[in-house]
2 protein chains.
Amino acid sequence: MIKALGYATKHSFTGLKPLAFEREEAGPSEVEIEVLYCGVCHSDIHQAENDWGNTVYPCMPGHEIVGRVTKAGSAVTRHKVGDLVGVGCMIDSCRKCEPCTEGEEHYCQGPNSWLATYNGPMKPAAQAPDGKNAYGRDNTYGGYSNVVVVKEDFVLKVPTALPVEAAAPILCAGVTTYSPLKHWGVKAGSVVGVVGFGGLGDMAVKLARAMGAEVTVFTTSKEKVAEAEKLGAKGVVEGDKVAYAALANTFDFILSTIPEKHKVDPFVPLLKRDATYCAVGALAQIPGYDNMQLVMQRKSLAGSLIGSIAETQEVLDFCAEHGIAPDVQVIPIQEINQAYKRIKEGDVRFRYVIDMASLKQELEAA
Amino acid sequence: MIKALGYATKHSFTGLKPLAFEREEAGPSEVEIEVLYCGVCHSDIHQAENDWGNTVYPCMPGHEIVGRVTKAGSAVTRHKVGDLVGVGCMIDSCRKCEPCTEGEEHYCQGPNSWLATYNGPMKPAAQAPDGKNAYGRDNTYGGYSNVVVVKEDFVLKVPTALPVEAAAPILCAGVTTYSPLKHWGVKAGSVVGVVGFGGLGDMAVKLARAMGAEVTVFTTSKEKVAEAEKLGAKGVVEGDKVAYAALANTFDFILSTIPEKHKVDPFVPLLKRDATYCAVGALAQIPGYDNMQLVMQRKSLAGSLIGSIAETQEVLDFCAEHGIAPDVQVIPIQEINQAYKRIKEGDVRFRYVIDMASLKQELEAA
């Protein structure tokens, strides 16, 4: 076993604290990774605070992991010691169902779905009918820790052209926005709306712009409108009825990154005929909507979940190629609870990224 | 002017009564049609009773019209006197906007949208800023009448293989279900759900079966399950949780024909990854939904409006070719108010069709 240290919470309300624990040694097809940076995703907060009612404690978040390979199992062929690698939201899947065999393991329909990097599997072994689940474990601990051990085919290559700390959020915020932009056919000349301008919105704008789209950001404040303009997008303050009226029937695709429930009715009229409003952040009940608006121009409401492993590699490479990186603010892990507070209060436009070197002192003391 | 007689209502609550009125003579590109049969659509009731808040009175419904050409304007080339023809929901459109030029005039984005067969244009001339609208009129009177005059390119050819009275509902119920089945790619081997089993549901099942799909009907009663089975479909009673659980992730497409608001949450889990739930009947506020369900397998909620003129001709020909016709019950126009009552109370599985010969006595008396 590997002695490990991370930050975890044991209850929904206590905040994160250091937790010493053990990880299994890397098996033949696994790699051991020294975590260098880990992004802070809004989902981390939802999970730590049990907003979805499925949290298994202790909960050690972190699914935007960048690190260096320190050991490779005997059968590993894709990665070698010293490689800069990434781990996103998943560390395994059933590999047998239709989505898995079609390379969409993020939609795994196996008995326990995909294995989440933290708080996975969805159904703890102890609660499964026969005390077992597909992955043989009750919980997983994420990247708010000094070391992770992951099956090689769920480990991404991080291009050297990317700033190391900024690569981390690409593994969730990046692929979560890249995948729907691609799926709904965004290309040069597309007219794209991005609703919400936090960590996901930032990536959505940068990616859509790099794809050649004309982008409008819907955000909460005039200050953020100016930020959007810096990225080559237009900005509209949410609820500005005059601006909305002028934008009726103009969008090929609208991507909502709002991480909470929100009304879709104000945005549906802005879609062109046959266009889609896709909400990726709101894992929540959406308020009632006017179906007449969908009917009148055959419009759709949709959702999308992160992205596949192949797409995750694609977006890392795409970012490196186009010189795109998330706006990040690097923090020591000791500031994680304040960061959570700030994310919940304001809406932070950049992504917090934990510099895992900050764990060193505590590791030595442990 | 042509002296005409129809059934109309002057208020939302008074029911339909005979109304003598005049129609313009057919212009060069128009045909005059003696109405033989007119289907009764649930929309007729919504419109007559001002459920959508946009009814212009007097309101003379009827947009499932089958009749015989009695006059053809000098420039008419598509139809001749004596032809059996049909008129559906539209009698004109702007002909200039993107949808119109792409042959989707039912999504016309012109200044007054398409011209509805009755209660059209959407914006009465009297209420338009300059007292005019694109069609120069305040209201249109539909097919609950002895004669209509329509531009030839909005007039369909009714194949002689179809029973005349049964052809009428194809012009709305038929195309409203045919268009989304085609748009979402239903073909041989597709697994299709049909929610609601009235006039639209009946057509949806027959069309999807003729396309080679495996069809399951979700309906309100065991009796209707037996009816569904007669059409070669499976039947499930709405809300049967055991049946729903067994159908999780199995549908390529679900078409909801429920003509009222209804919860979509019970049906979304039944869709396959990337599949769509399309509600064509509910021109209403849909209650809140769980976006997590859309996200987890990239599912969509959509709407669809009737179909184009080309699709209306297609579905008439398709029905003739496949020996499909709606189940109809022919009534005299004097029974229209009772028919409305029955449609609102029970859910009638067949389509009422008015035999316009029943107007003859009143015409002679007038």
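Begin by colouring chain A by domain: in this predicted model, the C-alpha centres of domain 1 of chain A and domain 2 of chain A lie 27 Å apart. To set up that colouring, select residues 2–172 together with 307–365 for domain 1 of chain A, and residues 174–303 for domain 2 of chain A.

Next, show the residues where the two domains of chain A meet, a contact to which domain 1 contributes 21 residues and domain 2 contributes 18 residues. On the domain 1 side, pick out helix α9 of chain A, residues 309–322, which gives the most to the surface touching domain 2, with 5 residues. If you then colour that side of domain 1 of chain A by residue class, you will find 11 nonpolar, 5 polar and 5 charged residues.

Now move to a pair of helices in chain A, and select α4(A), residues 173–183, along with α5(A), residues 199–210, whose axes come within 8 Å and cross at roughly 50 degrees. With a crossing at roughly 50 degrees, α4(A) and α5(A) are therefore oblique to each other. The crossing in which α4(A) passes α5(A) is right-handed. To see which side chains to display, take A:A173, A:G174, A:T176, A:T177, A:Y178 and A:L181 from α4(A), and A:G199, A:L200, A:M203, A:A204, A:L207 and A:A208 from α5(A), since these residues make the contact. By class, the residues of this contact between α4(A) and α5(A) comprise 8 nonpolar and 4 polar residues, with no charged ones.

For the last part of the tour, bring chain B into view and select its boundary with chain A, where 31 residues of chain B are in contact with 31 residues of chain A. On the chain B side, the elements that give two or more residues are the strands β14 (271–279), β15 (285–286), β16 (289–290) and β17 (300–303), together with the helix α8 (291–296). Among these, α8(B) gives the most to the side of chain B that touches chain A, with 5 residues. Coloured by class, that side of chain B shows 17 nonpolar, 10 polar and 4 charged residues.

Finally, zoom in on the strands at this boundary, selecting β16 of chain A, residues 289–290, and β15(B), which run antiparallel and are joined by 2 bridges. Which residue of β15(B) is the bridge partner of A:Y289? Display A:Y289 together with B:I286, because B:I286 is that partner in β15(B).

Terms used. Residues are numbered from 1 along each chain as its sequence is written. Chains are lettered from A and ligands numbered from 1 in the order in which they are written. This is a predicted model: local features need pLDDT of at least 70, side-chain atom pairs count only at pLDDT 80 or more; totals for chains, interfaces and linings use all residues. Two residues are in contact if their C-beta atoms, placed from the backbone, lie within 7 Å. Helices (H or I, at least four residues) and strands (E, at least two) are DSSP runs, numbered from the N terminus. Ala, Val, Leu, Ile, Met, Phe, Trp, Tyr, Cys and Pro count as nonpolar, Asp, Glu, Lys and Arg as charged, and the others, Gly among them, as polar. Two strands pair if DSSP finds at least two bridges between them. Axes are lines fitted to C-alpha atoms, for helices over the stretch in contact, and angles run from 0 to 180 degrees between N-to-C directions. Angles under 35 degrees count as roughly parallel, over 145 as roughly antiparallel, 65 to 115 as roughly perpendicular and the rest as oblique. A crossing is left-handed if the near helix is turned anticlockwise from the far one by less than a right angle, and right-handed if clockwise. Domain bounds come from an automatic or database domain assignment.
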